Structure formats: structure tokens, C-alpha cells
Amino acid sequence: MTSSANHHPHQNGERRQWPPAAAVEAAPTAAAHSTSYNGYRQYHPTTPARSSSSSASFKGCCCCLFLLFSFLALLVLAVVLVIILAVKPKKPQFNLEQVGVQYMGITPNPPSTASLSLTIRLLFSATNPNKVGIRYGQSSFTVMYRGIPLGKATVPGFFQQPHSTRQVIATIAVDRVNLLQADAADLIRDASLNDRVDLRVLGDVAAKIRVMNFDSPAVQVSVDCAIVISPRKQSLSYKQCGFDGLTV
């Protein structure tokens, strides 16, 4: 008597199929991963891909680094705010103390022009009212006549100690600057009749407060001075300066 390997006798003499048809129908769709041995199907469990786990680990590391850098940035900002509140920085004071006229000459050039030569010495006082030092950048000052720039002086940068006052000297030399017809006529008239030449000194001073070897953002101190020079006496007869809108 011959018997099939896929059928087994039952107690009532019935023959049933093995494995059952319902089990075959409910088999996983990934049949490509199953093998057959002596008529019986054997299923092998599949393992997840390594790429997905590596990607998850990389994303986790990026999140950790982002959180770490954010925490450090907030910590540094908090320390800076505490230092600023403790120091209470103030703007430095930059005042024009003296104006010395070393030379001034007006040369008429017929028929309607004139040239101006001038050498003046500006003495500024820089006062640091803070508990910490101040680092000044390179500053420049320009002397103007009726909106016409005549000459410029440059002052190199320097460091100033806390609670101190320092003198800064700038010399502006104007060598035979030619003026236009209207300006030349006004200059000759004012110098000969009124013994006065109205000039304006403009400049910007950049300063940074230094705390624990770190420089703060730069603050600007604007200098705007109106001066009147006597050509006969070769001296200063009037001075009025404004610093950041403050008249002294």
C-alpha cells in the first residue's frame, strides 16, 4: 500500500492534508525566504536592515550635539549678561580741550580764487569712567570750511586703563587748498574785515570695552566742533563742541 507524505490517516479513516490548507493560505507573504525539506516548509525569520539602525544612531548623535551646543551658547550668554550687569559699562568721554593755531595763510589768486594754508593742533582728553579698560580704534578728524574738506588727521588706536584720563594730540595740516569763487570771496572778506575764519572739526572715535580679555561691540563717540580762528593773532577765538548731541 502506498501513502502520500502530505496526508496522514485520521481516527475515523479520513485523510487530512498536512500542513492544513488554512495554514498554507495564512502563510507570510515573504515566501521567498522559506525552504522546503522532505515536503515540509520551513520559515526563517528575517533580520532588520543595518542601515536603518545606523541612520537612527546618527540622528540621535546630531540631536545630542545640537542640544549640547545650544546649552553652551545659553551658558555663555548668561555669563556675559551677568558680567555686563556687574560692570555697568558707560560710554567714554572724548573732549576737545585746546586748539592751537601753528600757522594760517590766505593767498588770493586773481581774478576770483584763493588758496588756504593752515596748521592746527588739536588736544583731546579721553576719560574712561568704567571699572574695566577701553580699547580705542584708529580715529580720524577732518577740518572743513563751508562744507569743503580741507585736511585730515589720523590718531592711532590705544588702550586706556580703568578710571583714567589720557590726552590725545592730532595735528591737521592744510597746504594751499584752492577754494571756489564764492567761498574764496567770503574767506578773504571774513579774514580781512572781521578777522575770523569759521572752521568745523568732525570725527568719529570707535571704542570697545574690554572685559576678561573679550572686547564688547564697538561704540561710536562723534566729535563735532565749531571753531573760529583769528588770522591776525594766529590764535583761537571761539570753540563750541558737541559729543553725541551733548554740548560742552
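C225 and C241 are joined in a disulfide (a pair of cysteine sulfur atoms within 2.5 Å), with their sulfurs 2.1 Å apart. In this predicted model, local features need pLDDT of at least 70 and side-chain atom pairs count only at pLDDT 80 or more, while totals for chains, interfaces and linings use all residues. Residues are numbered from 1 along each chain as its sequence is written, and side-chain values use heavy atoms, with hydrogens and water left out.

Back to the cysteines. The link of C225 and C241 is right-handed, with 115° about the S-S bond. C225 sits in strand β14 (residues 219-230) and C241 in strand β15 (residues 235-243), so the bond ties together parts 16 residues apart in sequence. Helices (H or I, at least four residues) and strands (E, at least two) are DSSP runs, numbered from the N terminus. Both C225 and C241 are buried; that word means under 20% relative accessible area, with exposed over 50% and partly exposed in between (1.4 Å probe, protein chains only). The structure holds one disulfide.

What about C63? C63 is in no disulfide, and the nearest cysteine sulfur, that of C64, is 6.9 Å away. C63 is partly exposed at 48% relative accessible area, and C64 is exposed at 54%.

Now for the charged residues. A salt bridge here is a side-chain nitrogen of Lys or Arg within 4 Å of a carboxyl oxygen of Asp or Glu. A search of the whole structure finds five of them, including these:

| Pair | Closest N and O atoms |
|---|---|
| D186 and R146 | 3.6 Å |
| R146 and D190 | 3.8 Å |
| D198 and R196 | 2.6 Å |

R146 turns up in two of those rows. D186 lies in helix α3 and R146 in the loop between β8 (139-145) and β9 (148-155), so their salt bridge ties together parts 40 residues apart in sequence. D190 is in helix α3 too, so its pairing with R146 links parts 44 residues apart in sequence. How buried or exposed are these partners? D186 counts as buried at 17% relative accessibility, and D190 is buried as well, at 12%. R146 is partly exposed at 48%. Over at the other pair, D198 is partly exposed at 35% and R196 is partly exposed at 33%.

D186 has further company. Helix α3 covers residues 181-194, and the side chains of D186 and R189 share a polar contact of 2.9 Å. For that term, a pair of N or O atoms must be within 3.5 Å; within protein, one must be able to donate a hydrogen and the other to accept it, and residues adjacent in sequence count only if both atoms are side-chain atoms. R146, D186, R189 and D190 are linked in a network of salt bridges. Leaving out residues up to four places away in sequence, D186 touches Y145 and R146, where contact means heavy atoms within 4.5 Å.

Y145 also appears among the contacts of L150, next to L116, V143, M144, V174, V177, L179 and L199, again not counting residues up to four places away in sequence.

Zooming out, the chain has three helices and 16 strands. Buried residues make up 29% of its 248 residues. Among contacts between residues at least 6 apart in sequence, 62% join residues at least 24 apart.
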